Amino acid sequence: KLAAAEAIQIEKPDLAAATKRIFEIDSESDERIVVKGWVQQLRVQKGLAFMVVRDGTGYLQVVLSGDLANCARTQTLTLESTVAVYGKIHSLPEGKHAPGNRELVADYYDVIGLAPGGQDAFTNKVQEGADPSLLMDQRHLTLRGETLSSVMKVRQAVLDGFRAVFKDLHLTEVTPPCMVQTQVEGGSTLFKFEYYGEDAYLTQSSQLYLETLLPSLGDVFCIQESFRAERSHTRRHLSEYTHLESELAFLSFDEFLTHIETVIVRAVEYVLEDPIAGPLVQKLNPGFEKPKLPFLRMTYEEALKWLNDHEITNEEGKPFEFGDDIAEAEERKMTDAINQPILLNKFPLTLKSFYMKKTPEDARVTESVDVLMPGVGEIVGGSMRIDDTDELLEGFKREGISPEPYYWYIDQRRYGTCPHGGYGLGVERLLAWLCNRYTVRDCSLYPRYTGRCKP
Ligand code: 4AD
């Protein structure tokens, strides 16, 4: 059969063709075009073959017929090979379906890179339902799939959306260092390394640096990797994640909460209106709608009452008491039951970091907030910051942290202090919520977590 296929000669027509990427193809045009991309789907029959080619800007069905279908090149073609296809665009016959309701009727094509078949075929490497760890070893290949690549496209729109909203609000984007000598969120999750003979860490949060920039640049934000040596193996913890953080000067706690919910909703609006990302969100998370403003505001103490009223117990199986941490599972039960975004606020001082400002009415609790989303739980953590030097020094003392390496952070209070607050949003967690993914691992390009640092 192959010998017969090999006997078929196909010649490249000596005709002009305009090079097009899939997004720029005009379905109405009669022009002869050439499209280059990867073979995503392939169906070869006698006298007729179909492939779906993708180029990162879209998907295009290609039809090969006659000798072009029967020749050896097509009979031995494999998924994930690269091709350059020449031909004209036709609208689809009645009752047929293909991306964009059109197809490229090829008069010729070249194989640029033939992918392996047989044992090493692409489909053998990325079998659905295979052991997740084996699939993770093949991340470079699974990223070619429709789901993961869609999430990554939405991810880009999310970052664009936040940048657009922040630009509108006159925030300046900055790039703080990733190699640091201070902690922000507790010593237990620091990744430590040797830095020219000194101890240093990978950053857990750029917050402290953002605070120092308020007098220099005004309100600021960054989109930077943060690193946490998390021992917990959960579906929402990564060892490296993309941290979107912002710091704002001269505002009240209430204005701070309003800022957070507004920025999230406006960024989501941007994504939904994006011609590429909007439909992808709907495909990944059918029926998704942007959340309504304002978000439900709930204090920590109200949450404890809600949990106790619903007979959800603390980690020791007892009713919640003031000072108890609301762990991930309990937090999610509550968020899923309430089924709308929650601004959970005013956490006890004892549960929070050294820098958090106390509320004026109750010194046991802080002006702090977590944003909780159904399906994921916490996607944002933030607070108003202590703006008084002595009070900050007390905070260091309480947490047993030496203030010495923080002299530059303390100076922010000494040289023209101001009321201020900020927050950090986990980009992968927001994506897990927006794209309805079970784990944040599906929202990170090459996820890092306990035991995983490759590819
Ligand atoms: O609540 P966190 O620890 O707050 C801070 O780091 C503050 N210093 C931020 C600030 O105020 N500028 O982290 C903020 C958010 C969390 O709500 C979560 O979305 C995400 O960062 N996050 C993680 N995402 C993935 N994997 C992890 N291990 C994460 N740890 C935190």
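**View 1. The loop between β12 and α9, with phenylalanine 250 in this predicted model.** Phenylalanine 250 is found in the loop that leads from β12 to α9 (253-273). Although this residue is not a glycine, phenylalanine 250 takes a positive phi of about 55°. Most residues other than glycine have a negative phi. The strand that precedes the loop, β12 (240-249), is among the elements that supply at least two residues each to the shell around the ligand.

**View 2. The shell of residues around the ligand.** The ligand is surrounded by 24 residues, of which the closest are Ser205, Gln207, Gly381, Gly424 and Gly426. At least two residues of this shell come from each of β12 (240-249), β16 (377-384), β17 (420-426) and α15 (427-434). What is the division of the shell into nonpolar, polar and charged residues? Eight of its residues are nonpolar, nine are polar and seven are charged.

**View 3. The open sheet of eight strands.** The strands follow one another in the order β7-β11-β12-β17-β16-β15-β14-β13, and the pairing within this sheet is mixed. Its edges are formed by β7 (172-173) and β13 (296-299), each of which pairs on one side only. Strands of a sheet pair through backbone hydrogen bonds, either parallel or antiparallel. The strands β12, β17 and β16, which are listed in succession in the sheet order, each also supply at least two residues of the shell around the ligand.

**View 4. The edge strand β13, its partner β14 and the helix α11.** Strand β13 runs parallel to β14 (residues 342-345), and four bridges join the two. Within this pair, threonine 299 stands opposite asparagine 345 of β14. Helix α11 (residues 300-309) packs on the sheet and touches both β13 and β14, while the direction of the helix makes about 85° with that of β13. Proline 294 lies in the loop between α10 (277-284) and β13, and the peptide bond that reaches this proline from leucine 293 is cis, with omega near -10°.

**View 5. The open antiparallel sheet of three strands.** The order of the strands here is β8-β10-β9. Because β8 (179-180) and β9 (192-195) stand at the edges with a single partner strand each, one side of each is left without a neighbour in the sheet. Two bridges pair β8 with β10 (residues 198-202) in the antiparallel sense, and methionine 179 stands opposite leucine 202 of β10.

**View 6. Strand β2 and its partners β1, β3 and β5.** Strand β2 (residues 33-45) pairs in the parallel sense with β1 (residues 18-19) over two bridges, and isoleucine 33 of β2 is the bridge partner of alanine 18. Which residue of β5 is the bridge partner of isoleucine 33? That partner is glycine 87, in an antiparallel pairing where six bridges join β2 to β5 (residues 82-91). Strand β3 (residues 48-54) also runs antiparallel to β2, joined to it by seven bridges, with valine 44 standing opposite alanine 49 of β3. In the hairpin of β2 and β3, two residues lie between the strands, and glycine 47 takes a positive phi near 80°.

**View 7. Strand β6 with its partners β4 and β5.** Three bridges join β4 (residues 59-65) to β6 (residues 102-113), and these two strands run parallel. Glutamate 103 of β6 is the bridge partner of glutamine 61. With β5, in contrast, β6 pairs in the antiparallel sense over ten bridges, and threonine 82 stands opposite glycine 113 of β6.

**View 8. The domains of the chain and the segment after α15.** The domain assignment of the protein chain gives domain 1 (2-119) and domain 2 (139-443), and the C-alpha centres of the two lie 47 Å apart. An unreviewed UniProt entry places the feature "domain: Aminoacyl-transfer RNA synthetases class-II family profile" at residues 152-447. This annotated span is 35% helix and 20% strand, and its end C-alpha atoms lie 13 Å apart. In the segment after α15 stands proline 455, where the peptide bond from lysine 454 is cis, with omega near -5°.

Technical notes
Residues are numbered from 1 along each chain as its sequence is written. This is a predicted model: local features need pLDDT of at least 70, side-chain atom pairs count only at pLDDT 80 or more; totals for chains, interfaces and linings use all residues. UniProt positions are given in the numbering used here, feature names are shortened, and annotations may be inferred rather than shown by experiment. Two strands pair if DSSP finds at least two bridges between them. Two residues are in contact if their C-beta atoms, placed from the backbone, lie within 7 Å. Axes are lines fitted to C-alpha atoms, for helices over the stretch in contact, and angles run from 0 to 180 degrees between N-to-C directions. A residue is near a molecule or strand if its C-beta atom, placed from the backbone, lies within 6 Å of it. Ala, Val, Leu, Ile, Met, Phe, Trp, Tyr, Cys and Pro count as nonpolar, Asp, Glu, Lys and Arg as charged, and the others, Gly among them, as polar. Domain bounds come from an automatic or database domain assignment.
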